Amino acid sequence: MAAFSTLLKSFVRNANLVKNGAAVSNNLLRPNTSNALEAVRKMSGHEMMHIKPSRWSWNRFKDLLNFYVMLGVIPATVVITYINLFIGPAKLAEIPEGYVPEVHEYYAHPITRWMTKHVKKSYQQEYEVMCQHIYETDYARKLRLAEKRVHQKMQEKQDSQAYYYEPVTGRNERHFKSMLDRSVENVGSR
């Protein structure tokens, strides 16, 4: 292989190429004498490896952008186009007797109606959540007040058990007494 490449180089150096009917001398494989910094020794004739910064982050960004566009933007565009073309906005009509419309039925666009019905909380839900929060904070306040009154009464009378008193069970006492008796029998004195 090396012999063929050497022969090919010598042939190309000596060949005159024809371009538009005129002979043109070939300077492709002749050394460049104008550049003094060029490496003189090119071992096997391969081009030198150029060191450049990594493009991994840029390629990863492009891949993820393409993935999420394919995953989200295109299907969303298809769904929105289908809804706008085939379903369309709601039309005004008379409300039948005895029928109370729901909140989401007041919106014209189908996507807005769906989001109001399934995603957004209604005014009644918001109100009940707020009432539950008020109830829980008031209950916690009442518990703190009751605990404070208990501490005050315990401090005034000083005749009750301690606040963190844990009652002693007879089972533990019997166990410790039996252990003490066994140790006395083994040692011999009390």
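Lysine 153 is partly exposed, with a relative accessible area of 49%. In this predicted model, lysine 153 is paired with glutamate 156 in a salt bridge, and their closest N and O atoms lie 3.8 Å apart. Both residues belong to helix α4, where 3 residues, about one turn of the helix, separate them. Glutamate 156 is exposed, since its relative accessible area of 56% is over the 50% cut-off. Lysine 153, at 49%, counts as partly exposed. Elsewhere, salt bridges with shared partners link Asp138, Arg141 and Lys142 into one network.

That network was examined pair by pair. Aspartate 138 forms a salt bridge with arginine 141, with 2.7 Å between the closest N and O atoms. The two residues are 3 apart in helix α4, which spans residues 123–157, so about one helical turn separates them. Aspartate 138 also meets lysine 142 in a salt bridge, at 3.4 Å from N to O. Here the spacing is 4 residues, again within helix α4 and about one turn of the helix. Side chains of opposite charge can pair when their charged atoms come close. The members of the network were also assessed for accessibility. Aspartate 138 has a relative accessible area of 27% and is therefore partly exposed. Arginine 141 is likewise partly exposed, because its relative accessibility is 39%. Lysine 142 is partly exposed at 47%. A search of the whole structure gives 3 salt bridges.

The overall fold was considered next. The chain holds 5 helices and 2 strands. Read from the N terminus, the order of elements is α-β-β-α-α-α-α. Of the 190 residues in the chain, 4% are buried. The accessible surface of the chain is about 18,600 Å². Carbon and sulfur atoms account for 61% of that surface. Contacts were also sorted by sequence separation. Among those between residues at least 6 apart, 11% connect residues at least 24 apart.

The segment between α2 and α3 was then inspected. Helix α2 covers residues 56–87 and helix α3 covers residues 110–118, with proline 89 in the loop between them. Proline 89 is exposed, because its relative accessible area is 57%. Leaving out neighbours within four places in sequence, proline 89 contacts Ala108 and Pro110. The C-alpha atoms of proline 89 and alanine 108 are 5.3 Å apart, although 19 residues separate the two along the chain.

Histidine 104 occupies the loop between α2 and α3 as well. Its relative accessible area is 13%. Histidine 104 is therefore buried, the cut-off being under 20%. Beyond residues up to four places away in sequence, histidine 104 touches Arg113, Thr116 and Lys117.

One of these partners, threonine 116, sits in helix α3. Threonine 116 is buried too, with a relative accessible area of 14%. With residues up to four places away in sequence left out, threonine 116 touches Val103, His104 and Tyr107. The contact between histidine 104 and threonine 116 thus joins a loop residue to a residue of helix α3, and appears in the contact lists of both.

Open space in the model was analysed last. The second largest pocket encloses about 340 Å³. Its lining comprises 14 residues, and those closest to the pocket centre are Lys91, Leu92, Ala93, Glu105 and Tyr106. By class, the lining of the second largest pocket contains 10 nonpolar and 4 charged residues, with no polar residues.

How values were computed: Residues numbered from 1 in each chain as written. Predicted model: local features only at pLDDT ≥ 70, side-chain atom pairs only at ≥ 80, totals over all residues. Heavy atoms only, no water. Buried < 20%, exposed > 50% of the residue type's maximum accessible area, 1.4 Å probe, protein only. Contact = heavy atoms within 4.5 Å. Areas by Shrake-Rupley, 256 points an atom, 1.4 Å probe, with all protein chains shown as cover. 1 Å grid on protein atoms, 1.4 Å probe; cavity = no way out; pocket = protein on both sides within 12 Å on 5 of 7 lines; lining within 4 Å. Points joined across faces, edges and corners; volume = space filled by probe spheres on them. Nonpolar A, V, L, I, M, F, W, Y, C, P; charged D, E, K, R; others polar. Salt bridge = Lys/Arg side-chain N within 4 Å of Asp/Glu carboxyl O.
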